[in-house]
Amino acid sequence: MSRKNKIALVIGYICIVLSLTFLIYILNEVIQSSNRAQEREQLNERVDFIQTFIEKKDSQLTIQHADRLERILKQLDNDLTLYDVNDQVVYKTTTKQHPIVKLPESTETVIRDQRMIYLKPLQENGERMGTIVLTAPLIKMKGIEVLYLLIFAIGIGFFILLHRTRIQYIHPIRQVTRLLENLLQGRFNERLSSDSKMEAISKLNHVTNMLANEMDIMSRSYMYQKGRMSTLIENIGSGLLFIDGNQKISHINRTFKQTFKLDTTHWKRSNYEEVIPYEEVNELIQNVFALGKRQSKQMMIPIHIERKHFDVSCAPILDNDNHASGIVVVFHDITELKKLENMRKDFVANVSHELKTPITSVIGFTETLLDGAKENKTLEEQFLHIILKESKRLQSLISDLLDLSKIEKDHFVINWQKVNLNLIVEDVILILSDKAFQKDIILINHKSDPCFAWGDPYRIRQIMINLITNAIAYTPSKGKVTVSLENDEHDVKLIISDTGIGIDKKHFPRIFERFYRVDKARSRDLGGTGLGLAIVKHLVEVHEGHIEIDSELGQGTTFTISFKKAQDE
Ligand SMILES: Nc1ncnc2c1ncn2[C@@H]1O[C@H](COP(=O)(O)OP(=O)(O)OP(=O)(O)O)[C@@H](O)[C@H]1O
Ligand SMILES: [Mg+2]
């Protein structure tokens with residue numbers, strides 16, 4: 001209770017006591033005045049009675065039967081004083097001095113010293129003879145002091161009662177109220193003492209403490225769940241949209257914003273149809289609102305210049321009564337899966353095609369030979385050469401496929417060691433120099449400082465063979481293929497450049513895909529199957545290096561591969 005309220009309470013309480021006292025005072029006054037009128041009447045009657053004892057002899061006033069009168073007056077506790085015309089005392093029943101009053105011309109009553117004084121002039125034939133003064137004690141209302149005392153005692157008692165009630169009931173109730181208010185505001189640490197003398201209060205405190213404990217546990221668990229849920233919602237790999245029962249968007253997760261690259265600042269609290277720019281998604285949401293059942297659909301959604309594939313699932317959020325209180329829309333990006341699926345389809349088609357072509361020609365030429373062509377020695381030799389070439393192609397295709405599938409496996413490991421790149425370059429150039437010579441291509445080993453890389457020498461050799469073979473294959477005669485090594489701060493670079501046909505930049509993103517060839521016919525003529533660069537890309541990845549391509553159509557191509565540098569000891 002505030003200080004202000006306390007003061008108001010005390011003032012109120014004092015006012016009540018004062019009003020009660022005032023009421024009793026008024027009541028007392030009313031009773032007193034009625035008593036006085038009655039007393040005055042009584043004294044008047046007595047004075048009339050006393051007058052019968054007064055006699056006038058020789059213009060002197062005397063009292064007859066004074067003894068009797070004195071007795072009567074004594075019994076009544078009345079004092080009589082008789083004055084003559086000169087205001088001299090003629091007769092007195094008491095030696096006590098009655099209060100000094102001025103003798104009046106007409107009958108009067110005066111109250112002095114708790115006595116009523118009745119003054120009556122005596123007249124005979126219209127002439128004043130003297131004055132009778134009769135005094136009597138005032139009738140007192142009995143018990144008025146007791147009444148005042150009672151009121152005071154009741155007042156004190158009431159005040160003590162009020163104070164005790166406040167301490168015993170109001171104060172604990174206030175504490176409970178404050179604790180409940182704190183609980184409402186999410187502050188759960190306060191507890192009440194449960195050792196009150198009042199059983200009801202201690203029970204109330206105990207139950208309130210239990211409620212606070214429960215709410216504390218519930219709130220912690222709710223906060224934990226909420227934290228878990230929001231972490232999940234924000235970090236899940238799928239885009240999420242929450243729509244409430246009024247068809248307004250209530251939440252958009254981070255993945256959604258990142259995936260769709262849309263300005264979603266005004267989306268919250270907006271009707272989903274007004275902001276979601278994808279007709280197909282809106283139709284799906286409409287269906288779920290109408291049917292109240294989960295639905296999903298695969299969609300292709302354009303995002304800027306890309307076209308992405310999504311598995312869009314839309315499910316109603318059910319409340320305790322199984323009513324849909326909203327909807328959650330999940331956008332699962334399946335673009336990569338689609339790509340992989342397409343690649344797998346392409347791969348099977350490509351492998352079949354690549355296998356079919358040489359086998360068909362082997363079978364065809366063998367049959368022709370058996371049908372009699374072998375009789376012609378020139379034809380026989382020519383056909384056998386074709387059969388050998390196609391068989392070698394088949395062999396290289398199969399070995400490349402096996403190699404690729406081995407490299408692509410997750411647990412593929414290489415034999416890490418410090419590799420002298422200069423030695424490998426020399427070795428590879430030696431192997432391929434004959435091929436270059438046959439095409440009249442100059443193969444240059446651009447000498448450099450010793451370069452050491454971290455990697456597998458066998459696989460680095462494979463990378464070099466593939467790239468230099470390509471450079472020779474796609475460079476016309478009289479061309480030039482240069483192999484050089486460069487030391488960087490952390491990397492070692494292998495640069496293979498040619499003066500060949502070059503690659504149009506639009507093919508760059510696909511050049512490392514399996515079976516991708518810029519010019520299928522030309523490549524196949526050259527015996528290529530389109531697996532070389534795919535193998536190179538995977539091998540560079542397992543070396544934790546990277547590959548760059550730079551090419552100008554008709555000018556030549558440069559492949560730059562960075563390997564991790566091994567420090568020279
Ligand atoms: N140095 C280059 N100059 C021009 N085009 C090239 C060069 N290297 C590769 N290409 C192009 O890239 C395609 C893919 O090369 P990749 O090495 O993967 O396959 P391939 O040489 O055709 O067959 P193989 O599997 O036998 O190597 C080639 O078909 C060719 O069109
Ligand atoms: Mg190749």
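**Exercise 1. In this predicted model, Arg 178 forms a salt bridge with Glu 190. Work out how far apart in sequence the tied parts are, and how open each partner is.**

Solution.
- Step 1: Start with the contact. The closest N and O atoms of Arg 178 and Glu 190 are 2.9 Å apart, and a salt bridge needs a distance within 4 Å.
- Step 2: Place the partners. Arg 178 belongs to helix 3 (residues 144-184), while Glu 190 sits in the loop between helix 3 and helix 4 (199-235), so the pair ties together parts that are 12 residues apart in sequence.
- Step 3: Check the accessibility. Arg 178 has a relative accessible area of 43%, so it is partly exposed. Glu 190, with 21%, is partly exposed too.

**Exercise 2. Find the salt-bridge partner of Arg 269 and decide whether that partner is buried or exposed.**

Solution.
- Step 1: The side chain of Arg 269 meets that of Asp 244, at 3.5 Å from N to O.
- Step 2: Arg 269 lies in the loop between helix 5 (254-260) and helix 6, and Asp 244 in strand 8 (residues 239-244), so this bridge ties together parts that are 25 residues apart in sequence.
- Step 3: Buried means under 20% relative accessible area. Asp 244 has 18% relative accessibility, so it counts as buried.

**Exercise 3. Explain how Glu 341 and Lys 345 are placed along their helix, then look at the salt bridges as a set.**

Solution.
- Step 1: The side chains of Glu 341 and Lys 345 form a salt bridge, 3.6 Å from N to O.
- Step 2: Both residues are in helix 8 (residues 335-370); because they are 4 residues apart there, about one helical turn separates them.
- Step 3: Glu 341 is partly exposed, with a relative accessible area of 35%, and Lys 345 is partly exposed at 45%.
- Step 4: Some bridges share partners: Arg 191, Asp 216 and Arg 220 are joined into one network in this way.
- Step 5: The count for the model comes to 25 salt bridges.

**Exercise 4. Which residues form a negative surface patch, and which helices supply at least two of its residues each?**

Solution.
- Step 1: The patch is made of Glu 273, Glu 274, Glu 279 and Glu 283.
- Step 2: Helix 6 (272-275) and helix 7 (279-291) each supply at least two of the patch residues.
- Step 3: Take Glu 283 as a test case. Glu 283 is found in helix 7, and its relative accessibility is 41%, so it counts as partly exposed.
- Step 4: A patch residue needs over 30% relative accessible area and no salt bridge; the 41% of Glu 283 fits the area part of that rule.

**Exercise 5. Asp 440 and Lys 478 both have a positive phi without being glycine. Locate each one and classify its accessibility.**

Solution.
- Step 1: Phi of Asp 440 is near 60°, and phi of Lys 478 is near 75°.
- Step 2: Asp 440 lies in the loop between helix 10 (421-438) and strand 14 (442-446). The loop holding Lys 478 runs between helix 11 (457-473) and strand 16 (480-487).
- Step 3: The cut-off for exposed is over 50% relative accessible area. With 36%, Asp 440 is partly exposed. Lys 478, at 66%, counts as exposed.

**Exercise 6. Assign Asp 440 to a domain, and give the distance between the centres of domain 3 and domain 5.**

Solution.
- Step 1: The protein is divided into domain 1 (3-141), domain 2 (145-229), domain 3 (236-333), domain 4 (348-405) and domain 5 (413-564).
- Step 2: By these bounds, Asp 440 falls in domain 5.
- Step 3: Taken over C-alpha atoms, the centres of domain 3 and domain 5 are 48 Å apart.

Methods: Residues are numbered from 1 along each chain as its sequence is written. Chains are lettered from A and ligands numbered from 1 in the order in which they are written. This is a predicted model: local features need pLDDT of at least 70, side-chain atom pairs count only at pLDDT 80 or more; totals for chains, interfaces and linings use all residues. Side-chain values use heavy atoms; hydrogens and water are left out. Patches are made of residues with over 30% relative accessible area and no salt bridge: like charges are joined within 9 Å, nonpolar side chains (Val, Leu, Ile, Met, Phe, Trp, Tyr) within 5 Å. Accessible areas come from the Shrake-Rupley method with a 1.4 Å probe; for residues, only the protein chains shown count as cover. Lys and Arg count as positive and Asp and Glu as negative; His and the chain ends are not counted. The place of a charge is taken as NZ of Lys, CZ of Arg, CG of Asp or CD of Glu. Buried means under 20% relative accessible area, exposed over 50%, partly exposed in between (1.4 Å probe, protein chains only). Domain bounds come from an automatic or database domain assignment.
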